[in-house]
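Here are some comments on the model you sent. Please read them with the coordinates open.

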Amino acid sequence: MMRRARVVAATVLLASPALANCVPPWQTQFACAIPERNARAEFCRIAEPAQHPGKKEAYYTYVVGTQPAELYFETDSTWFSTKDTDVDHPTDLTMALGYARGDYVYAFVVTQDKRLDDRIRDAEIRVYNSTDAFTNDVKGNEVTRLSCDPASIIADLPSIRP
């Protein structure tokens with residue numbers, strides 16, 4: 001009976017949309033479900049890259065349904081941006097962190113309302129066609145924008161903030 005309970009518990013945990021699948025020593029920096037695509041994006045990073053020589057600092061995975069990863073890459077090129085901070089909402093804090101692959105930057109953008117105990121209110125996955133497009137002040141210049149299900153968001157906020 002105990003073995004069956006463990007199997008059921010493990011199945012429930014693995015099926016949960018809120019869990020991330022980062023492989024140690026990488027840890028979840030951000031992950032979310034994208035309902036409109038039946039997909040999931042995960043951004044995984046090593047907290048102390050110097051302690052893991054030979055490994056890239058971060059990796060990105062995009063999976064549709066139960067298929068193998070549609071996109072997976074490792075990188076040592078991570079970028080930060082605050083260009084989407086909304087001046088009309090002074091209690092909002094919007095940050096983006098991107099992982100570069102070739103000319104493209106795959107990013108997650110999170111918005112927190114500082115009045116709501118630092119909870120993430122909104123999040124999106126965005127793809128930019130260059131590091132300049134990601135870091136410059138031009139808003140809305142991404143080539144892809146996908147909305148995250150707020151209930152599925154996992155974020156390591158200390159690693160995201162500057």
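The points below take the two sheets in turn, with one residue treated separately.

1. The model is predicted, and the comments should be read accordingly.

2. One open sheet consists of five antiparallel strands in the order 5-6-7-8-9. Strand 5 (78-81) and strand 9 (144-147) are its edges; each has a single partner strand, so one side of each is left without a neighbour in the sheet. On average, neighbouring strands of this sheet are turned by 20° against each other, direction ignored.

3. Within that sheet, ten bridges join strand 6 (residues 92-101) to strand 7 (residues 104-113) in the antiparallel sense. To check the register, take Leu 93: its bridge partner in strand 7 is Gln 112.

4. Arg 126 lies in strand 8 (residues 120-128). Is Arg 126 buried or exposed? Its relative accessible area is 5%, and the cut-off for buried is under 20%, so Arg 126 counts as buried. The side chain of Arg 126 makes a polar contact with the side chain of Glu 124, at 2.5 Å. Leaving out residues up to four places away in sequence, Arg 126 touches a set of residues including Asp 84, Tyr 106, Glu 142 and Arg 145.

5. A further open sheet, also of five strands with antiparallel pairing, runs in the order 4-3-2-1-10. Strand 4 (71-75) and strand 10 (154-155) are the edge strands here, and each pairs on one side only.

6. Strand 10 is joined to strand 1 (residues 27-34) over two bridges, in the antiparallel sense. Ala 31 has Ile 154 of strand 10 as its bridge partner.

How values were computed: Residues numbered from 1 in each chain as written. Predicted model: local features only at pLDDT ≥ 70, side-chain atom pairs only at ≥ 80, totals over all residues. Heavy atoms only, no water. Pairing = 2+ DSSP bridges. Helix = DSSP H or I, 4+ residues; strand = E, 2+ residues; numbered from the N terminus. Axes fitted to C-alpha atoms, helices over the stretch in contact; angles between N-to-C directions. Buried < 20%, exposed > 50% of the residue type's maximum accessible area, 1.4 Å probe, protein only. Polar contact = N/O pair within 3.5 Å; in protein donor to acceptor, adjacent residues only side chain to side chain. Contact = heavy atoms within 4.5 Å.
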